[in-house]
Amino acid sequence: MSTHLLEARDLEIRFGGVVAADGVNLTIDEGKNLAIIGPNGAGKTTFLNICTGWLKPSRGQVFFLGEDVTRLPPRKIVQRGVARAFQIPQLFSEHTAMENLLIAVSAREGRQSPFLQMEAQPERDEMRELLDLVGCADVADARVDALSEGRRKLVDIAVALALKPRLLLMDEPTSGVASSEKFEIMDILVKALARADVTSVFVEHDMGIVKNYADEVAVWNAGEVQMRGTPDEILAHPDVIRDVIGEEAA
Ligand SMILES: Nc1ncnc2c1ncn2[C@@H]1O[C@H](COP(=O)(O)OP(=O)(O)OP(=O)(O)O)[C@@H](O)[C@H]1O
């Protein structure tokens, strides 16, 4: 039997009376972009937080490449190859794009004082290639707070890729980006992930993005995976039209 890249088994987590994960089972295999959709509060972000070790489930396990990582601290899970990008990019806004990547690489290499001696870091060329991969080589020396939201998202993805992940978990990769720019950002992002050989899972509310960029879709509802299938199957399903697409349009 082949090992899944990630496997979640029977995850449960409660916040007071709210059951945010209620027996979540999901497998993720290498090389596919999986979109997670579902109504607000269904537990989508909670799932990402459990997979990255930020939340510990009261029941169930997460396996990454066959290893039980459920109780590992987040930084150990990153080292195993699981990276995360957030709805709001987690960048040092007063530093340049290049400096942000060098800080990430310092963390990857376990260096002390990541803000010191950035000029001397041997990974500058490697980081420039990463910025090139996400179409941001031209803003390598620009401060992050001077960039458009779309560019910030792409730099954030490059930071995640600097950690050399096998799996990247993303929360609404184009939220906050002007609609005219969303598809361009996703084009760059999906191509960069394919070239870096990184599998992705992204939580998404924009069904246009899901239709165009997901290989598969998992639907969350009330802390459970309700169904899974191709974008065409899922987006045409009456329950999804009623509970997810209807809600987004409202
Ligand atoms: N740290 C927390 N403390 C208390 N309640 C929480 C916490 N995290 C999540 N919840 C609750 O758990 C439920 C699931 O939240 P979660 O953010 O995972 O949903 P979601 O599907 O990502 O929603 P959205 O699409 O609105 O982002 C919600 O009712 C939320 O309020």
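At what angle do H5 and helix H6 (residues 179-195) pack, and how far apart are their axes? In this predicted model, the angle is about 15° and the axes lie 10 Å apart. Angles under 35 degrees count as roughly parallel, and H5 is therefore roughly parallel to H6. The crossing of these two helices, H5 and H6, is right-handed. On the H5 side the contact is formed by Gly150, Lys153, Leu154 and Ile157, which meet Glu181, Ile185, Ile188, Leu189 and Ala192 of H6. Sorted by character, the residues of the contact of H5 with H6 comprise six nonpolar, one polar and two charged.

H5 also has a second helical partner. Helix H3 (residues 97-108) packs with helix H5 (residues 149-162) at an angle of about 25°, and the two axes are 8 Å apart. H3 and H5 are therefore roughly parallel to each other as well. Their crossing, that of H3 and H5, is right-handed. Here H3 contributes Ala97, Asn100, Leu101, Ala104, Val105 and Arg108, while H5 contributes Val155, Ala158, Val159 and Ala162. The residues of the contact of H3 with H5 fall into eight nonpolar, one polar and one charged.

From these helices the description passes to the strands. H5 lies across S6 and strand S7 (167-171), and its direction is at about 165° to that of S6. Both strands belong to an open sheet of six strands in the order S6-S7-S8-S3-S9-S10, whose pairing is mixed. Strand S6 (82-85) and strand S10 (224-229) form the edges of the sheet, each pairing on one side only. On average, neighbouring strands of this sheet are turned by 20° against each other, with direction ignored.

The pairings of S9 illustrate what mixed means in this sheet. Strand S3 (residues 33-37) and S9 pair in the parallel sense, over four bridges. Within that pairing, Val219 of S9 is the bridge partner of Ile37. Strand S9 (residues 216-221) and S10, by contrast, run antiparallel and are joined by five bridges. Val219 appears here too, standing opposite Met227 in S10. Asn221 stands opposite Glu224 in S10. S9 and S10 form a hairpin with two residues between them, and Ala222 in the turn has a positive phi of about 45°.

Another open sheet consists of four strands in the order S2-S1-S4-S5, with antiparallel pairing. Its edge strands are S2 and strand S5 (67-68), each of which pairs on one side only. Strand S1 (residues 6-15) is joined to S2 by eight bridges, and the two run antiparallel. In this pairing Ile13 stands opposite Ala21 in S2. S1 and S2 also form a hairpin, with two residues between the strands, and Gly16 in the turn has a positive phi of about 60°.

S1 has a further partner in strand S4 (residues 59-64), to which it is joined by five bridges in the antiparallel sense. Ala8 stands opposite Val62 in S4. S4 is in turn joined to S5 by two bridges, and these strands also run antiparallel. There Phe63 stands opposite Asp68 in S5.

The final part of the description concerns the ligand. Which residues are found around the ligand? They are Phe15, Val18, Ala20, Gly38, Asn40, Gly41, Ala42, Gly43, Lys44, Thr45, Thr46 and Trp220. Two elements, strand S2 (18-28) and helix H1 (44-51), each give two or more residues to this shell. H1 gives the most, with three residues. The shell around the ligand divides into five nonpolar residues, six polar and one charged.

The ligand shell can thus be related to the sheets already described. S2, one of the contributing elements, is an edge strand of the four-stranded sheet and is paired with S1. Trp220 of the shell falls within the residue range of S9, the strand that pairs in the parallel sense with S3.

Terms used. Residues are numbered from 1 along each chain as its sequence is written. This is a predicted model: local features need pLDDT of at least 70, side-chain atom pairs count only at pLDDT 80 or more; totals for chains, interfaces and linings use all residues. Axes are lines fitted to C-alpha atoms, for helices over the stretch in contact, and angles run from 0 to 180 degrees between N-to-C directions. Angles under 35 degrees count as roughly parallel, over 145 as roughly antiparallel, 65 to 115 as roughly perpendicular and the rest as oblique. A crossing is left-handed if the near helix is turned anticlockwise from the far one by less than a right angle, and right-handed if clockwise. Two residues are in contact if their C-beta atoms, placed from the backbone, lie within 7 Å. Ala, Val, Leu, Ile, Met, Phe, Trp, Tyr, Cys and Pro count as nonpolar, Asp, Glu, Lys and Arg as charged, and the others, Gly among them, as polar. A residue is near a molecule or strand if its C-beta atom, placed from the backbone, lies within 6 Å of it. Two strands pair if DSSP finds at least two bridges between them.
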